[in-house]
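Let's take a walk through this fold, starting inside and working outwards. Keep the structure open next to the text as you read.

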Amino acid sequence: MEAYKLGEMEQRFADMIWERAPIRSGELAKLCLEAFGWKRTTTYTMLKRLCERKLFINEKGLVSVLMAKEEFQAAQGEQFVNETFGGSLPQFLAAFSRRKKLSLTEIQELKKLIDDYEEDEDNA
């Protein structure tokens with residue numbers, strides 16, 4: 001299983017934790033019963049999986065975040081580009097923009113990202 005790929009329910013569960021962390025595991029089990037109809041054991045099994053993947057930690061019944069949602073999403077994107085486009089961001093953008101026309105705002109945002117990156121590299 002790839003480190004940064006989650007199934008639909010894993011993603012919904014992770015989002016629930018990111019929105020509420022730190023949260024007591026017992027409270028999390030109650031929320032999962034209400035939201036997903038899960039038994040307590042199902043919640044703890046799913047939590048254990050996500051803890052093994054270093055997204056969260058469950059210490060003494062308190063679930064905390066190890067990897068922020070934004071960091072996880074960035075890693076997902078990087079993994080996708082690596083697996084699908086050989087790590088080439090320009091190839092990804094070329095493929096993406098062939099199917100979806102970029103708006104002027106999106107183009108300006110991309111240019112700003114590149115400019116900011118170049119400034120960071122110059123100052124490093």
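A nonpolar core here means a set of buried Ala, Val, Leu, Ile, Met, Phe, Trp, Tyr and Cys residues, joined through side-chain atoms within 4.5 Å. Bear in mind that this is a predicted model.

**The core**

Which residues touch the most other members of the largest nonpolar core? They are Phe13, Leu28 and Phe56, out of 21 residues in that core. Helices α1 (8-20), α2 (25-36) and α3 (40-52) each put in at least two residues, and α1 gives the most, with five.

Leu28 is a handy residue to click on. Setting aside neighbours within four places in sequence, Leu28 is in contact with Phe13, Met16, Ile17, Ile23, Thr43, Leu47 and Val63.

One of those partners, Thr43, sits in helix α3. Is Thr43 buried or exposed? Its relative accessible area is 0%, so Thr43 counts as buried, the cut-off being under 20%. Beyond residues up to four places away in sequence, Thr43 touches Phe13, Leu28, Ala29, Cys32 and Trp38. Phe13 and Leu28, then, turn up both as contacts of Thr43 and among the core members with the most partners.

**Helix α1**

Now look at α1 itself. With 13 residues at 1.5 Å a residue, α1 should span 18 Å, and its end C-alpha atoms are 19 Å apart, so the two values agree. Its buried residues are Glu10, Phe13, Ala14, Asp15, Met16, Ile17 and Trp18. An α-helix has 3.6 residues a turn, so residues three or four places apart point the same way. What do the buried residues of α1 pack against? The list is α2, α3, β2 (56-59), β3 (62-65) and α4 (69-85).

**Loops and backbone oddities**

Moving on to the loop between α1 and β1 (23-24), you will find Pro22 there. Ala21 and Pro22 are joined by a cis peptide bond, with omega at about -5°.

Two lysines also have backbone angles worth a look. Neither Lys54 nor Lys60 is a glycine, yet phi is positive in Lys54 and in Lys60. Here they are side by side, with their loops and accessibilities.

| Residue | Phi | Loop | Relative accessible area |
|---|---|---|---|
| Lys54 | about 65° | between α3 and β2 | 57%, exposed |
| Lys60 | near 55° | between β2 and β3 | 83%, exposed |

Both lysines count as exposed because Lys54 at 57% and Lys60 at 83% are over the 50% cut-off.

Glu27, in helix α2, falls in between: Glu27 is partly exposed, with a relative accessible area of 38%. Glu27 and Gly61 are 34 residues apart along the chain, and their C-alpha atoms are separated by 9.7 Å.

**The largest pocket**

Last stop: the largest pocket, with a volume of about 200 Å³. Which residues line the largest pocket? Leu89, Leu93, Leu110, Leu113 and Ile114 do. The elements that give two or more residues to this lining are α5 (89-99) and α6 (104-123). Helix α6 has the largest share, three residues. By class, the lining has five nonpolar residues, no polar ones and no charged ones.

Definitions and conventions: Residues numbered from 1 in each chain as written. Predicted model: local features only at pLDDT ≥ 70, side-chain atom pairs only at ≥ 80, totals over all residues. Heavy atoms only, no water. Buried < 20%, exposed > 50% of the residue type's maximum accessible area, 1.4 Å probe, protein only. Helix = DSSP H or I, 4+ residues; strand = E, 2+ residues; numbered from the N terminus. Contact = heavy atoms within 4.5 Å. Expected span 1.5 Å × (residues − 1). 1 Å grid on protein atoms, 1.4 Å probe; cavity = no way out; pocket = protein on both sides within 12 Å on 5 of 7 lines; lining within 4 Å. Points joined across faces, edges and corners; volume = space filled by probe spheres on them. Nonpolar A, V, L, I, M, F, W, Y, C, P; charged D, E, K, R; others polar.
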